[in-house]
There are 2 protein chains.
Amino acid sequence: MIQIDYKDSRPIYEQIVDKFKTLILKGVLSTDEKMPSVRSLALELAINPNTIQKAYAQLEREGFIYTVKGRGNFVAEKEDLVMEKKQEILEQFRQLLIAATEVGIPKEELVNLVSNFVKEQ
Amino acid sequence: MIQIDYKDSRPIYEQIVDKFKTLILKGVLSTDEKMPSVRSLALELAINPNTIQKAYAQLEREGFIYTVKGRGNFVAEKEDLVMEKKQEILEQFRQLLIAATEVGIPKEELVNLVSNFVKEQ
DNA sequence: TATGTGTACTATTATTACTAATACACTAAG
DNA sequence: CTTAGTGTATTAGTAATAATAGTACACATA
């Protein structure tokens with residue numbers, strides 16, 4: 001299911017993270033499906049379990065999977081993922097609005113920018 | 001004018017960059033004023049000229065100073081700095097708007113967010 | 001042409017990131 | 001309550017990167 005490319009300069013754990021993100025977003029892995037265990041995947045890829053652990057920890061931080069101690073890792077709901085992403089973007093939006101007024105970009109300009117963008121779409 | 005804090009864990013060049021940013025933004029150093037030469041400041045701080053060079057290169061990249069080969073480094077115009085910052089923010093704003101629609105945040109929500117923000121200020 | 005300036009290249013050192021080895025802790029099933 | 005399967009924490013070794021320094025080059029101007 002997962003393969004490491006040693007010609008790829010990116011760290012192993014990062015490759016694993018990206019592969020699983022794709023599998024989850026494409027729906028190849030479905031909600032609540034069990035992920036391969038840390039040990040079994042480590043064995044399969046002939047690498048250390050801690051490297052898998054690092055990848056899974058990141059996937060969990062980013063909301064792609066959830067962990068149940070002693071039971072395993074499972075695919076999270078796509079809906080939750082999208083919600084989380086939305087929250088992130090809205091927060092960035094707020095931060096940027098604050099930064100914009102701090103440098104003295106007039107409010108009208110911001111309003112115009114958004115409404116123009118909306119019209120274009 | 002500039003002092004290195006060896007208890008500070010940040011790299012030397014970064015400390016120098018930040019000190020000069022503050023001095024420039026506060027107006028202690030005024031437009032077109034000559035910066036200390038790479039060598040003289042290196043001598044004063046008892047560090048390698050290349051470390052100063054690295055700091056100056058970054059200040060130039062960020063628009064705080066401009067360089068004339070063989071003559072020295074000089075303080076840039078504050079106005080230019082603000083303009084540049086504005087451009088950056090507007091670009092981020094555009095990127096964020098695109099990202100927002102990609103995750104399916106409705107346009108109305110974006111418009112509301114901005115107009116509410118404008119009212120609050 | 002001499003002196004002061006920035007710059008490029010290389011080497012060394014320090015710091016951080018990555019991976020691995022090992023031991024611990026939780027869960028469920030027999 | 002023991003065993004097999006699971007995630008987790010701690011530590012150590014190695015690899016990669018960032019920071020700094022040494023040195024030599026190139027440009028500007030008096």
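A residue counts as near a molecule or strand if one of its heavy atoms lies within 4 Å of it. Keep that in mind for the close-up views below. This is a predicted model, in which local features need pLDDT of at least 70, side-chain atom pairs count only at pLDDT 80 or more, and totals for chains, interfaces and linings use all residues. Residues are numbered from 1 along each chain as its sequence is written, chains are lettered from A and ligands numbered from 1 in the order in which they are written, and side-chain values use heavy atoms, with hydrogens and water left out.

**View 1. The protein surface around DNA strand C.**
Which residues come nearest to DNA strand C? Of the 24 residues around this strand, they are A:I12, A:N48, A:N50, B:V38 and B:R39. On the DNA side, sugar and phosphate make up 62% of the atoms of DNA strand C that come within 4 Å of the protein. The elements that each supply at least two residues are α1 (12-25) and α3 (49-61) of chain A, together with α2 (38-45), α3 (49-61) and β2 (72-75) of chain B. Here helices (H or I, at least four residues) and strands (E, at least two) are DSSP runs, numbered from the N terminus. With three residues, α3(A) gives the most to this surface. By class, you will find five nonpolar, eleven polar and eight charged residues. Ala, Val, Leu, Ile, Met, Phe, Trp, Tyr, Cys and Pro count as nonpolar, Asp, Glu, Lys and Arg as charged, and the others, Gly among them, as polar.

**View 2. Side chains at the phosphates of DNA strand C.**
Look for polar contacts here: pairs of N or O atoms within 3.5 Å; within protein, one must be able to donate a hydrogen and the other to accept it, and residues adjacent in sequence count only if both atoms are side-chain atoms. In B:Q53, a polar side-chain atom lies 3.0 Å from a phosphate oxygen of DNA strand C. For A:Y13, the distance from a polar side-chain atom to a phosphate oxygen of this strand is 3.2 Å. B:S37 joins in too, with a side-chain N or O atom 3.4 Å from a phosphate oxygen of DNA strand C.

**View 3. DNA strand D and its contacts.**
Among the 24 residues around DNA strand D, those that come nearest are A:V38, A:R39, B:I12, B:N48 and B:N50. What does the side chain of A:R39 approach in DNA strand D? An N or O atom of the A:R39 side chain is 2.6 Å from a base oxygen. B:Y13 instead has a side-chain N or O atom 3.1 Å from a phosphate oxygen of DNA strand D, and for B:T51 the distance to a phosphate oxygen is 3.2 Å. The elements giving two or more residues to this surface are α2, α3 and β2 of chain A together with α1 (12-25) and α3 of chain B. With three residues, α3(B) gives the most.

**View 4. Stacked rings and a lysine over a ring.**
How many aromatic pairs does a search of the whole structure find? Over all chains, the search finds five. In one of them, the ring centres of A:Y66 and A:F74 are 5.6 Å apart and their planes meet at 25°, so this pair is stacked. Rings of Phe, Tyr and Trp (its six-membered ring) pair if their centres lie within 6.5 Å; planes under 30 degrees apart count as stacked, over 60 as edge-to-face and the rest as tilted. A:Y66 is partly exposed at 32% relative accessibility, whereas A:F74 is buried at 7%. Buried means under 20% relative accessible area, exposed over 50%, and partly exposed in between (1.4 Å probe, protein chains only). Elsewhere, A:K54 lies over the face of A:Y13, 4.5 Å from the ring centre. A charge sits over a ring if NZ of Lys or CZ of Arg is within 6 Å of the ring centre and within 35 degrees of the ring normal.

**View 5. Asparagine A:N73 and its neighbours.**
A:N73 belongs to strand β2 (residues 72-75) of chain A. Is A:N73 buried or exposed? Its relative accessibility is 9%, so A:N73 counts as buried. Its side chain makes a polar contact of 2.6 Å with the side chain of A:T67. Not counting residues up to four places away in sequence, A:N73 touches several others, including A:M35, A:V38, A:Y56 and A:Y66. Contact here means heavy atoms within 4.5 Å.
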